[in-house]
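Colleague: Before I rely on the terms used for this model, I would like to hear the reasoning behind some of them.
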Amino acid sequence: MKIPAVLIVILAILIGTLPYFFNCQYDGKALTLENGRQVPMKCYWTAQASLAVAVPLLVVGLLIAFSRQKETLRALALVGAILGIMVILLPTRLIGVCQHPGASCNLVMKPALIFAGSLVISVSLVGLVISRRSVE
Amino acid sequence: MTLLQLAWKNVVGSAFRSWIVFLCVLVVTALLFSTVLVIRGAQDSLRLVQQRLGADVVVVPEGTETQVETALLMGQPVAVWMPRENLDRIAGIPGVAIVTPQLYLASLANAPCCSAEMFLMAFDPQTDFTITPWLSQNLGHELGLGEAIGGSDVFVPYGEENIRIYGYEIDLSGNLERTGTGLDTALFFTFETAREVAQVSRTKAVRPLEIPSDSISAALARVVPGADPRLVALQIVHDVPGVAAIPSSGLFQTFHRQISGLLRSVLAILGITSVLSLVLVGLVFSMAANERRRETGVMRALGATHGAVLRSLLAEAIILAFGGGITGILLAALAIYLFRNLIVLSLGLSFLFPSFPSLVALGGGGLVLALAGVTLAVLPPALRTCRQDPAVAMRE
């Protein structure tokens with residue numbers, strides 16, 4: 001289970017950091033309200049939420065690396081897969097990104113989160129299968 | 001125990017070796033497959049734009065060929081003009097069946113009078129043969145004053161009812177199918193609407209939209225059946241001063257050359273990477289075969305034939321190549337699909353993701369290549385192992 005654990009840790013770091021650099025707020029763009037006040041766009045909140053999902057995912061990866069009990073590994077792999085689904089849902093359904101197809105959140109953040117989320121799900125499922133053979 | 005079960009036990013039993021072979025195949029297959037997808041997608045996209053334009057000859061002001069091609073492919077706004085009277089001259093050339101004018105305009109960036117910076121294309125509905133047939137098929141009516149049709153990526157901004165161009169509210173009637181080019185972010189409307197926008201822009205826009213009178217940006221011509229578009233293009237250049245005529249076969253040649261150049265350099269790098277990876281796979285299996293000489297000696301002593309030992313080693317390699325190949329192809333396809341817009345912007349190429357059947361065919365080809373490559377790399381150490389004398393092998 002060392003390799004899946006390392007992969008999950010790497011992916012969690014990417015999920016937590018990448019959206020921070022590829023959102024419209026970081027590019028200096030914001031929504032201007034009628035009263036002139038500027039507020040962050042949707043993608044900024046997706047980036048914040050990604051960080052909130054990445055931290056528990058990182059912990060899951062570290063726990064998988066150091067756990068030896070079959071049941072624990074199985075439970076951690078399941079949690080990893082669910083967090084992977086959340087990573088995909090954040091930019092696609094739960095919060096979303098900006099409308100403009102040329103914005104950095106659409107060009108990089110959204111595809112990167114979907115790609116990383118899919119990898120987290122796949123690696124967690126592989127981990128789930130491997131955990132069936134792990135020694136208690 | 002069957003041959004496959006034996007091979008699978010060996011794969012699981014030597015996890016480190018298996019991971020190395022698996023990752024080598026995965027990386028090489030993913031790189032090769034993604035390169036083929038990008039090149040294929042760029043070629044498909046160019047073909048689709050040529051079909052969408054539907055013109056046999058495109059006539060533009062002399063010296064602006066590349067600018068116009070870039071505008072059509074990458075959606076970069078362009079301002080080129082030639083006299084409208086050229087239309088009559090082109091129409092009078094033998095071999096020309098129909099000719100239609102187009103205006104190429106651009107909205108303003110970061111201006112409150114424009115929703116977004118866009119490439120705007122105005123056409124004459126009376127003679128147009130590029131947008132109008134699509135309109136009658138999909139919308140059921142022609143575009144009226146103040147109406148527009150957008151590329152696949154054009155949308156009405158959130159919270160608004162229309163698209164604002166130079167302070168003029170344009171009603172988005174529908175979207176064209178995706179082409180993977182700049183046309184996906186372009187807005188198409190009639191000459192009448194263009195003139196109306198120019199009129200309104202004088203009072204409502206940060207900067208007025210200037211359309212020189214009696215000028216057009218390009219003329220698209222269709223030739224009569226049997227006429228050679230290249231000869232007609234030559235005749236147009238000869239008879240109409242100050243224009244360049246590009247036959248459809250010569251359109252986007254700069255981009256075709258760019259794709260060919262990219263293909264050559266990437267394939268050279270990938271060729272070297274593939275050979276090195278296959279050598280590594282061969283070495284790993286050679287080391288594994290040496291480690292397992294006693295094991296294969298015992299198998300031979302128990303009655304296994306040369307062929308059975310060879311098949312078990314090859315089955316092991318094929319399992320790893322299959323797993324690595326499939327994973328590499330799936331990852332590459334997913335990555336290219338998700339990052340397609342970024343690829344278009346970074347490489348400066350138009351790109352259209354291949355259809356599912358074409359994707360499956362390309363993936364199948366990639367997998368066969370991966371399996372063949374790994375089998376070839378593993379064959380020499382496998383042959384050496386199965387040919388050795390069992391008694392000698394067991395003693396060592």
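Modeller: What follows takes a few of those terms in turn, bearing in mind that this is a predicted model.

Colleague: What makes strand β11 (residues 243-247) of chain B largely enclosed?

Modeller: A residue counts as buried if 20 or more other C-beta atoms lie within 10 Å of its own; four of the five residues of β11 of chain B are buried, so the strand is largely enclosed by the rest of the structure.

Colleague: How do you know that strand β1 (residues 57-61) of chain B and β11(B) pair?

Modeller: Pairing requires at least two bridges, and β1(B) and β11(B) are joined over five bridges in the antiparallel sense, so the requirement is met. Within β11(B), B:Ala245 is the residue that stands opposite B:Val59.

Colleague: Why is the span of helix α2 (residues 42-66) of chain A called close to the expected one?

Modeller: The expected span is 1.5 Å times one less than the number of residues; for the 25 residues of α2(A) this gives 36 Å, and the helix reaches 37 Å from its first C-alpha to its last. Its buried residues, including A:Cys43, A:Leu57 and A:Ile64, pack against α1 (2-21), α3 (70-94) and α4 (104-131) of chain A.

Colleague: Which residue classes make up the side of chain B that touches chain A?

Modeller: In the contact, 12 residues of chain B meet 10 residues of chain A, and the chain B side has 10 nonpolar, one polar and one charged residues. The elements giving two or more residues to that side are α10 (306-338) and α11 (340-347) of chain B.

Key. Residues numbered from 1 in each chain as written. Chains lettered and ligands numbered in written order. Predicted model: local features only at pLDDT ≥ 70, side-chain atom pairs only at ≥ 80, totals over all residues. Contact = placed C-beta atoms within 7 Å. Nonpolar A, V, L, I, M, F, W, Y, C, P; charged D, E, K, R; others polar. Buried ≥ 20, exposed ≤ 12 C-beta atoms within 10 Å, placed from the backbone.
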